[in-house]
Amino acid sequence: MKSPSTNKKKRSASSTDDRSKQINHKKRKSDQNNQDTIITTEEIPIPNSPDKVLSQVEKETTTPSVPKTLLDQIDMTKPYLSEEQVGIQCYINQHLPSFSAILKHRFTDFLVYEVDRFGEIVRLKEIENPSKDKEVGNTQVSKGPKEVVDVKEWPVDCDEKLIEILGNEKFEELKGFVARGPIGSKRNDDRSKGFKNKRQDGKSDQKSNSNDDVSKADESGPARDEGQQPNELSKEDVSPSKPPQASAPTCLLSDPIDCKEQRKKFHQIFRESFQGRLVTEHKELENGEAVIQIKWSSPGQHQERRLPDTNPAYIHFTLQKTNRETQEALSILSNLLFSKNVSRDFGICGTKDKRSVSCQRVSYKRGRKDIQQVWSTVNRIKKNQKVHGFSERGDKGIRIGDLTYEDHPLKLGDSKGNRFVIILRDVIPAKPTVLKEAVQSLSTSGFLNYFGMQRFGTTAVGTHLIGLSLLKADWDLAIDLIMRKKLGESQDVEHARSVWEQSQDAKATLELMPRRCVAERCILQYFSKKDGLTDKVGALASIPKNLKMMYIHAYQSYIWNHVLSERVRLYGCDKPVVGDLVAVTTGGNDVVEVALDGDDETATTEKDKVPPVKVLNDEAECKSYTIQDVVLPLIGFKIEYPKGTLGQMYLDMMKRDGLDPENLRRGQAEYSMAGAYRKILHMPTDVKFALYEYEDPELPLSFADEDKLIGMKLPEPKEWTSTDEANEDCKKNMALKVEFTLGSSAYATMALREILKSDTGKGAQTKMTDRMRERMAYKES
């Protein structure tokens, strides 16, 4: 669906004006990632009474803020999106006071542990060498005994398969070829065996000859017979006056094979049958016919053979990553293991926060690699290198451990959720009793299940804006939103975007664009191979499918957040009301928590992806359910909308953004929205908290698994003991440590938001950075 031309002109004029503002804008700090994340209230004095907090919260949560047109909302003069812009506007318990705190000051202040499908928390337990005969989990890592094999040994139980691909005549030729064994120096390393090294002119290399060589040859007899070992040569073979016998062929050629699949099967059968002793290679004859060449493998290879590898096809391991995007970490592992396709060879249950230390299970399609090889390669351990434990953290913030063989890959949605251990530093005001009440409220009432700010990106151009442009088939705008300059980005990205803005030179910009900018580099790579920049559809198609789907999901999340806020404003969040949707569950399973990282194409039926729901039509039905059963839909062509005001809000928002609610299918599968349902409340489990005091702002207050395993000396945090809560000049700082487990689609920052009653948007957090640091500096003086 094309946008009207008048709107295009307006956007063009707006874009020109925005660019001029950016060019004249003073450069910000280049390393935004090093700034502390602050969770705080607005720039108003911190309220000392619950009444002031309540009036402020009521003011925020009684005014709807749905923009008239989403794309008109783009403001390039601001570096970040706010919570209000993406619909995060309400709290469950609004009567509790607010706090400010520093979040993610250190990477270890935000620990994430995956909860597997059996309910076990994934921890990094073993990082040492999984050497042979050592148990890892329930898997024996031994490679199996070696056996010395005569290269002329005929494989067992392979005749039928070989005849099928070769035919009877070629099969008999192959048997004779194998029985003769490799021919002379083509196979043998003569120098190491004491034989003469034959040159092409038939003359011997006298430097490698000795009386011992001849005597060994004399002992072997006058001629080679069928029982002779391949490394045994007759006296005539080593005579400088007589060239070696050349009657036996050094290779065999198959009959012509035109079918590619048949050639693939041919190679596979030979690999399985001869375990590398014979190698096969595709060749073309002069007449263009395709054949397969069969020959002995290179000298020195496969002299010893392991027993057939009967281990399962996948290796699972625990990945601990520090300050890395999940896909970035997998790309690093892919490069180390020479994998050509990350999405095909690696499997995960879900993505984890970047600015954190996280542990999760990863599956790897190993091919011929074993556990020992994978561990050594990732840790850059050379062959035969002895390693006596690790004393430093893993390279590039990555460490793997707990390797096991498994017969299946991991898939998105396979986990039950995540366990979080979070440190909030410099909590103000330092009131332990009120903090305890806030944490208790989270444990008993839960929190509004908003999609967190991570869903919408870290700049003013949110991912939901790109998603809407894709849904409207406005390809020019989509590429412009991805490629345009944005405030607050690092200097290398800003420079690359400037070159693109000024020159539209794809090749020059590609050389400058950092590899972490995946979508941008895909677009630039596509344009670099084309003449001109006209094929916008092709450029967008080159972006990885999961990334394009993330844009679409972000737009779904944007509408969902706004409708949830409106539902809380209209009806509160303590009980179901007429018109609500509730999940129809069986056996108490939470079937409506549909992870948005999945692919709708994997669903075999509508029921697989979109669970059944029920509309509450009267008060009697409402009494049969609780607020924890209420769901709201993520827009799509397979879902049902609630009745009344909320259902109409869905339709109005889509129409206002230029979408037809009755036509959400698209020609491109990744742009089609099937929809899903999501509970409006989320209940954390196993909630714990502790209060610590500290003076050094860099003091570690929580520790990663790897730190303990490599023997780092870790200080013991000191529990908060101050009784003078109102003393602002106290040099002690308060830290809140909170732990809880959430489902796979919930956001920990939204749980923290409910505790602190503070904005988690990066813009609001950054405003308090200077004030916080000034206060900490004052304490130290």
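In the predicted model, Arg665 lies over the face of Phe637, at 3.8 Å from the ring centre. A second arginine is placed over a ring as well: Arg399 lies over the face of Phe390, at 4.2 Å from the ring centre.

The overall make-up of the chain is as follows. The secondary structure comprises 26 helices and 24 strands. Of the 781 residues, 50% are buried. Among contacts with a separation of 6 or more, 79% join residues 24 or more positions apart.

Aromatic contacts were examined next. The structure holds 16 aromatic pairs. One of them joins Phe451 and Trp560 in an edge-to-face arrangement, at 5.6 Å centre to centre and with 85° between the planes. Phe451 belongs to the loop between strand S16 (447-448) and helix H13 (463-471), whereas Trp560 belongs to helix H19 (residues 545-571), so the pair ties together parts that are 109 residues apart in sequence. Both Phe451 and Trp560 are buried.

Phe451 also pairs edge-to-face with Tyr747. Here the distance is 6.3 Å centre to centre, and the planes make 70°. Tyr747 sits in the loop between strand S24 (733-743) and helix H24 (748-756), while Phe451 is in the loop between S16 and H13; the pair therefore ties together parts 296 residues apart in sequence. The relative accessible area of Phe451 is 1%. For Tyr747 the value is 14%. Both residues count as buried because each value falls under 20%.

A separate group of rings was also found. Trp154, Phe171, Phe266, Phe270 and Phe274 form one aromatic cluster.

Helix H19, which carries Trp560, also packs against another helix. The axes of H19 and helix H22 (residues 645-656) come within 10 Å and cross at roughly 145°. The crossing is right-handed. On the H19 side, the contact is made by Tyr555, Tyr558, Ile559, Trp560, His562, Val563, Glu566, Arg567, Leu570 and Tyr571. H22 contributes Thr645, Leu646, Met649, Tyr650, Met653 and Met654. Trp560 thus appears both in the contact with H22 and in the aromatic pair with Phe451.

Strand S24, which precedes the loop of Tyr747, is mostly covered. Of its 11 residues, 11 are buried. S24 pairs in the antiparallel sense with strand S15 (residues 417-428) over 8 bridges. In this pairing, the bridge partner of Val421 is Glu739 in S24. Strand S22 (residues 685-694) also runs antiparallel to S24 and is joined to it by 8 bridges. Tyr692 stands opposite Ala735 in S24.

Another part of the chain forms an open sheet. Its 3 strands have the order S7-S9-S8, with antiparallel pairing. Strand S7 (251-253) and strand S8 (278-284) are the edge strands, and each pairs on one side only. Neighbouring strands of the sheet are turned by 25° against each other on average, direction ignored. S8 and strand S9 (residues 290-296) are paired in the antiparallel sense over 7 bridges. One of the bridge partners is Ile292 in S9, which faces His282. Helix H8 (residues 260-274) packs on this sheet and touches S8 and S9. The direction of H8 makes about 160° with that of S8.

Conventions
Residues are numbered from 1 along each chain as its sequence is written. This is a predicted model: local features need pLDDT of at least 70, side-chain atom pairs count only at pLDDT 80 or more; totals for chains, interfaces and linings use all residues. Side-chain values use heavy atoms; hydrogens and water are left out. Two strands pair if DSSP finds at least two bridges between them. Helices (H or I, at least four residues) and strands (E, at least two) are DSSP runs, numbered from the N terminus. Axes are lines fitted to C-alpha atoms, for helices over the stretch in contact, and angles run from 0 to 180 degrees between N-to-C directions. Contact means heavy atoms within 4.5 Å. Rings of Phe, Tyr and Trp (its six-membered ring) pair if their centres lie within 6.5 Å; planes under 30 degrees apart count as stacked, over 60 as edge-to-face and the rest as tilted. Buried means under 20% relative accessible area, exposed over 50%, partly exposed in between (1.4 Å probe, protein chains only). A charge sits over a ring if NZ of Lys or CZ of Arg is within 6 Å of the ring centre and within 35 degrees of the ring normal. A crossing is left-handed if the near helix is turned anticlockwise from the far one by less than a right angle, and right-handed if clockwise.
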